[in-house]
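Student: Could you take me through the largest pocket in detail? I'd like to know what lines it, and then how the second largest pocket is put together.

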Amino acid sequence: MKEKQTLAKLRQDIDAVDDRILELLNERAKLVMQVGAVKTENRSDFHVPSREREIYERLAAANPGPFPAEAVRGVFREIISASLALEKPLKVAFLGPNATFSHLAAMQHFGLSASLSPERSIPAVFEAVEKGEAYYGVVPVENTTEGMISHTLDMFMESELKINAEVLLEVSHFLLSRTGRFEDIKKVYSHPQPLAQCRKWLAENLPNVPLVDVASTTLAAQIVAEDYTAAAIASEYASSIYNLKIVKARIEDQVNNFTRFLVIGRKMAEASGDDKTSLMFSVRDEPGILHRMLEPFAKRGINLSKIESRPLKKKAWEYIFYLDLSGHISDPAVNEAVQDLGTCCQFVKVLGSYPRARQ
């Protein structure tokens, strides 16, 4: 009897705390609406990512526990997302359709209250942001198993959009079907990337089952929702959307399977103190050119985290280089290195400086 009374009292205390949280959330929302009115009057940007980072970092540092430090960011991401929606819907274009990993990356970065708009292709995401139909875009650029995504890199050749942020999403692939039984699977649908990332598992567990390429993991889930003899490789989120059962979870061949997404916008992001800068450039074909293009960074102690080459489509056997380095373009050393790089290049383009994502 005493235990029941104690439990009831604890639940009453929790309810009282929840009531206080709700009251404070509404108090915060009123302040946000006042901020929105001031921004409108001053014609200021309504979304300031640097302000969001300040909030996350301050609260994480001030958190005494036992509430998990990592959860603080998730909770306040949703609070800030809902608050922004009170000022103005934050429209974000992403490589659709819904329930794809690009959709999950957009939700992870912008929260559930953002207005997320699926687009049919990577060029369509760029176009939506360029035309002002969306404030930001989210596109995949790299996977730890399959490497760089060339369509995204190629778009920066013509677009003036800037990389504003990066999102690292752990990609777990789920084998989904209507029945949830291995013995019912006669074919497997998915996008070519997940099929490649699960190649070994499929060969060992479904060796004689045909694999069918489709445009997206979401389309695979939609097809399987109508076919009791098929399975889809898609996200766990897709199973809840399309009423599918999980046949097997986490079938990716590599345990640490991450996809890196880029958030693209029309303005350069402000320095955060822990940034990356991405460049695109083309060098002249002459002896020692590779050494010369790296020297400006080496002599200033600037770390290069990635160098990727792509064929220059307009001219045979010439290449465009993509480079990621530590630091913001506003840092004097970084700026000087990029200027020096330009002396041995046909062109140099700064794709953006943005906060380094946390894994």
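Tutor: Five elements each supply at least two residues of the lining of the largest pocket: the helices α2 (49-62), α3 (69-87) and α4 (101-110), plus the strands β5 (162-170) and β11 (258-265). Keep in mind that this is a predicted model. Among the contributors, α3 gives the most, with nine residues. The space in this pocket comes to about 970 Å³, and 36 residues line it. If you want to centre your view, go to Tyr56, Arg73, His109, Ala357 and Arg358, which are the lining residues closest to the middle of the pocket. As for chemistry, the lining splits into 17 nonpolar, eight polar and eleven charged residues.

Now swing over to the second largest pocket, with its space of about 550 Å³. Here 25 residues make up the lining, and the ones nearest the centre are Leu95, Ser102, Pro140, His191 and Gln193. You'll meet α4 and β11 again, each supplying at least two lining residues, and so do α5 (122-130), β3 (136-143) and α7 (192-197). This time α7 gives the most, with three residues. The chemistry of this second lining reads as eleven nonpolar, 13 polar and one charged. So put the two charged counts side by side: eleven in the lining of the largest pocket, one in that of the second largest.

Technical notes: Residues are numbered from 1 along each chain as its sequence is written. This is a predicted model: local features need pLDDT of at least 70, side-chain atom pairs count only at pLDDT 80 or more; totals for chains, interfaces and linings use all residues. Side-chain values use heavy atoms; hydrogens and water are left out. On a 1 Å grid over the protein atoms alone, a cavity is a set of points where a 1.4 Å probe fits but cannot get out, and a pocket is an open set with protein on both sides within 12 Å along at least five of seven lines; lining residues have an atom within 4 Å of a point. Grid points are joined across faces, edges and corners, and a volume is the space filled by probe spheres set on the points. Helices (H or I, at least four residues) and strands (E, at least two) are DSSP runs, numbered from the N terminus. Ala, Val, Leu, Ile, Met, Phe, Trp, Tyr, Cys and Pro count as nonpolar, Asp, Glu, Lys and Arg as charged, and the others, Gly among them, as polar.
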